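Biologist: Got a minute to walk me through this one? I'd like to start in the core and then move on to the interface.

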Amino acid sequence: MKNNPETKIISDLVAYLDGELSERDRRRVATALRGSPALLQEVGHLEQTGSYISKLDRATLSENFPATFLRRLKQVQQEEQIEQESLLARLQHKWVEWLAGGHWTPAFVPVASLLIILASFYSGKLLTSTPIGGSQLAQSDQIPAQVVENPVFFRDYWRTVRLERWAHFDEIARTPAPAHPNIHLTRENTPPKVIEDPNFFIQYQILRRMEQFQHFESVQNVQNINEEQV
Amino acid sequence: MEQKERRPIQDDPDVQRMLRFQQGDMEAFQELFQKLSPAVVNFAAKFLGVRARAEEIAQDVFIQVYRWRGRYEPKAKFSTWLFKIAHNHCLNEVRKGEYKVFLEPVDLPANKEGHERERNLPTPEADGAEDLLAAKEAADKIQRILYRIPDNQRTAILLSRLEGMSYQEIADVIGCTEKAVKSLVFRATQNLKDGLRDMADDHEK
């Protein structure tokens, strides 16, 4: 059936009428139509059937159709407006409600303490009881340019300055440099004051290396160790 | 099938309207609604056979256009996108089952003999009172047969004959190949022709 040329022609007739055939197929169908009155009649029937649909009355709109749609559209717009209230805005709203409701008071002390501890830790102030004004140091001409350029070292520089001010540095400096920079510190090879003061102990390896290399740039080389220890 | 030359999508004024609407121009959306909603209602009415529901479907379609304005990409003519939404809404509606009575599958006869009887069908161009009545009757028959042919055939023949869409555009709407549309339109026409002939047979009996 599929291979029947006439069947193939018939299945192409509607597309032929619709002008949807390729030029080659159109010629093939046209040739077949010229030689077959039956096919020509079939074309007539198909064309007539198609025209019944195109001549069907178009559905007319009811009078209230646009008004109904407008009403629905406004409803959708209102819904969208509500949806567009972002999650953040809703959270803010709830946050304000929570604050106003006073439900936060029991949680205030632990939360505030935690925040202070975290802030202190990250600003490096936990390690000293007598902070030095950062701006004061930053403006000093004595700070090496490399330290200013590199904020990671800047933090360590403050500690170094403090060590010098409190005269612990000399004691550290007198300690012989280890043969290997990654050597573990023990009670035997570490100055007592350093052991007594854990705030300095954390810097001790860096300071030892600074001393060993005799120049400040060497701080760069111990950056990783410093971060691991902190 | 020969690849026909397609006009640039940007030349479609409805695409331009939709793009303006995407930028927040509500007037462009109103223009689209005014221009195209009658066609969507007509399509849904013919597809479902229920005019009142057709209006609701058309409204649903335009509400979806409104909601999906951000997703629209001018890949084809705007009407293609619109009727794709309409087609899906109509299919969902049919699947609800409320239209089962109309869409009960019927094995329409293929290639029946008796072409002579088709000559008894009134022509669509009838102008006398009796002819008009016969034409109305024929239109009702067409409607009834339309409900009985498969969904995709119905969509293909309706978009082709009512909206004058090309096979390529119909393929975009249904989501199939142009070749498949060619087959759908042919089978739909054949089914309609055979259905009309059967009705004429019943009438004669």
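Modeller: Sure. When I say contact or touching, I mean heavy atoms within 4.5 Å. With that, and leaving out residues up to four places away in sequence, Phe78(B) touches Asp12(B), Asp14(B), Val15(B), Met18(B), Leu32(B), Leu36(B), Val65(B) and Tyr72(B). Keep in mind that this is a predicted model: local features need pLDDT of at least 70, side-chain atom pairs count only at pLDDT 80 or more, and totals for chains, interfaces and linings use all residues. Residues are numbered from 1 along each chain as written, chains are lettered from A and ligands numbered from 1 in the order written, and side-chain values use heavy atoms, without hydrogens and water.

Biologist: Which residues touch the most other members of the largest nonpolar core?

Modeller: Phe78(B), Phe83(B) and Ile157(B), out of 76 residues. A nonpolar core here is a set of buried Ala, Val, Leu, Ile, Met, Phe, Trp, Tyr and Cys residues joined through side-chain atoms within 4.5 Å. H2(B) gives the largest share of this core, 13 residues. Helices are DSSP runs of H or I, at least four residues, and strands are E runs of at least two, numbered from the N terminus.

Biologist: Ile157(B) is in H7(B), right? Why is H7(B) largely enclosed?

Modeller: Because 9 of its 11 residues are buried, that is, under 20% relative accessible area with a 1.4 Å probe, protein chains only. Ile157(B) is one of them, and so are Leu158(B) and Arg161(B).

Biologist: OK, interface. How many residues does each chain put in?

Modeller: Chain B gives 56 and chain A gives 43. About 4,300 Å² is buried between them, 59% of it on carbon and sulfur atoms; that's the accessible area (1.4 Å probe) lost when the two are put together, summed over both. On chain B's side, Gln59(B), Arg161(B) and Phe186(B) supply 15% of the area, more than any other three residues.

Biologist: How many salt bridges are there between chain B and chain A?

Modeller: There are 7, counting a Lys or Arg side-chain nitrogen within 4 Å of an Asp or Glu carboxyl oxygen. One example is Lys193(B) with Glu42(A), at 3.4 Å, N to O. The chain B elements giving two or more residues to that side are H2 (26-48), H3 (51-67), H6 (129-148), H7 (151-161) and H9 (178-204).

Biologist: And chain A by itself, how many helices and strands?

Modeller: 13 helices and 0 strands. Of its 230 residues, 31% count as buried.

Methods:
Buried < 20%, exposed > 50% of the residue type's maximum accessible area, 1.4 Å probe, protein only.
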